[in-house]
Amino acid sequence: MSPAKGQPRHYRTVWISDVHLGFRGCRADFLLDFLHQVTCDRLYLVGDIIDFWNMRRGLYWPQAHNNVVRTLLGKAKHGTEVIYVPGNHDELLREHDGLQMGNLSIRSRAIHETADGRRLLVMHGDEFDSVVQCSRLLALAGSQAYALLLRANRLVNFVRTKLGLPYWSLAGHLKHKVKNAVNFISNFESAVALAARKHGVDGVVCGHIHRAEISVAGGVLYLNCGDWVESCTALVEHGDGKIELLHWSDQQHALKTEAAVPALAA
């Protein structure tokens with residue numbers, strides 16, 4: 001299924017995470033196209049929307065990043081409820097938990113109820129990353145290494161564009177091929193699912209690991225928004241409560257829907 005260009009599609013809810021505004025690897029162009037073609041009743045910003053970590057090494061803020069902020073604020077101004085759940089890269093905003101400014105609010109965590117009555121815990125997920133929690137210095141070093149990898153990613157996609165090939169994430173490909181990365185993702189998903197069970201909810205929506213997913217983990221629905229650096233993905237809820245994972249780069253399509261994952265046990 002490919003969303004039609006020029007015809008905005010309306011969803012009950014949209015979740016995006018890990019935009020990393022202020023970072024050279026941010027695909028603000030794809031995100032702006034998504035935001036212009038999609039409307040929703042409620043929009044969750046699930047952390048790392050602004051990359052304050054990267055901006056400490058030098059300011060990078062092109063017009064496209066400014067346009068993303070203006071577009072998000074414009075949605076709030078025109079009736080969309082926007083809930084900002086900060087992550088580790090924009091953790092400064094966690095000091096303002098509970099702040100309400102019109103249709104925009106900041107929440108450290110949120111509970112979302114779907115149209116079909118399910119309760120979903122919405123959080124960024126960095127509290128389950130042992131590197132971030134136990135060694136901030138190591139996390140910052142890892143962030144710098146990741147930035148180098150994404151520079152290579154831009155070169156690869158420059159060549160692919162010249163050859164008429166679609167966008168492809170080198171970083172995402174390597175992450176799925178390296179055994180330790182695969183194990184980390186699996187452990188992260190299990191830890192997040194455990195937190196969801198402790199909260200007595202039906203599922204969890206998170207980001208942080210730049211790995212978009214709809215699956216069942218530990219008996220609960222696991223939903224990861226992905227990111228707008230590598231995968232360019234968003235989660236959307238339809239009017240009937242069905243949740244879908246969209247990929248939005250130079251080719252838009254649905255990656256996965258709930259119908260494609262095993263049903264939860266009754």
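Visitor: Is aspartate 29 buried, partly exposed or exposed?
Guide: In this predicted model, the side chain of aspartate 29 meets that of arginine 27 in a salt bridge, at 2.9 Å from N to O. The relative accessibility of aspartate 29 is 40%. Buried would require under 20% and exposed over 50%, so the class lies in between. Aspartate 29 therefore counts as partly exposed.

Visitor: In what order do the eight strands of the open sheet lie?
Guide: The pairing in this sheet is mixed. Its edge strands, each pairing on one side only, are β4 (100-101) and β13 (252-257). The order is β4-β5-β3-β2-β1-β11-β12-β13.

Visitor: What angle does the direction of helix α3 make with that of β2?
Guide: Helix α3 spans residues 63-77 and packs on the sheet. There it touches β2 (38-45), β3 (81-84) and β5 (104-106). The angle between the direction of helix α3 and that of β2 is about 110°.

Visitor: Which residue of β12 is the bridge partner of glutamate 237?
Guide: Strand β11 covers residues 233-237 and strand β12 covers residues 243-248. The two run antiparallel and are joined by five bridges. For glutamate 237, the partner in β12 is isoleucine 243.

Visitor: How many residues apart are glutamate 237 and arginine 12, whose side chains meet in a salt bridge?
Guide: The N to O distance of this salt bridge is 3.0 Å. Glutamate 237 counts as buried at 0% relative accessibility, whereas arginine 12 counts as partly exposed at 24%. Glutamate 237 belongs to strand β11 and arginine 12 to strand β1 (residues 9-16), so that the pair links distant parts of the chain. Their separation is 225 residues.

Visitor: Which of the two residues glutamate 213 and arginine 211 is buried?
Guide: The side chains of these residues meet in a salt bridge at 3.5 Å, N to O. Arginine 211 has a relative accessible area of 21% and is partly exposed. The relative accessible area of the other partner is 11%, and the cut-off for buried is under 20%. The buried residue is glutamate 213.

Visitor: How far apart in space, C-alpha to C-alpha, are arginine 197 and valine 220?
Guide: Arginine 197 is found in helix α7 (residues 179-198) and is partly exposed, with a relative accessible area of 39%. Leaving aside residues up to four places away in sequence, arginine 197 touches Gly218 and Val220. Arginine 197 and valine 220 are 23 residues apart in sequence, and their C-alpha to C-alpha distance is 7.2 Å.

Conventions
Residues numbered from 1 in each chain as written. Predicted model: local features only at pLDDT ≥ 70, side-chain atom pairs only at ≥ 80, totals over all residues. Heavy atoms only, no water. Pairing = 2+ DSSP bridges. Helix = DSSP H or I, 4+ residues; strand = E, 2+ residues; numbered from the N terminus. Contact = heavy atoms within 4.5 Å. Axes fitted to C-alpha atoms, helices over the stretch in contact; angles between N-to-C directions. Buried < 20%, exposed > 50% of the residue type's maximum accessible area, 1.4 Å probe, protein only. Salt bridge = Lys/Arg side-chain N within 4 Å of Asp/Glu carboxyl O.
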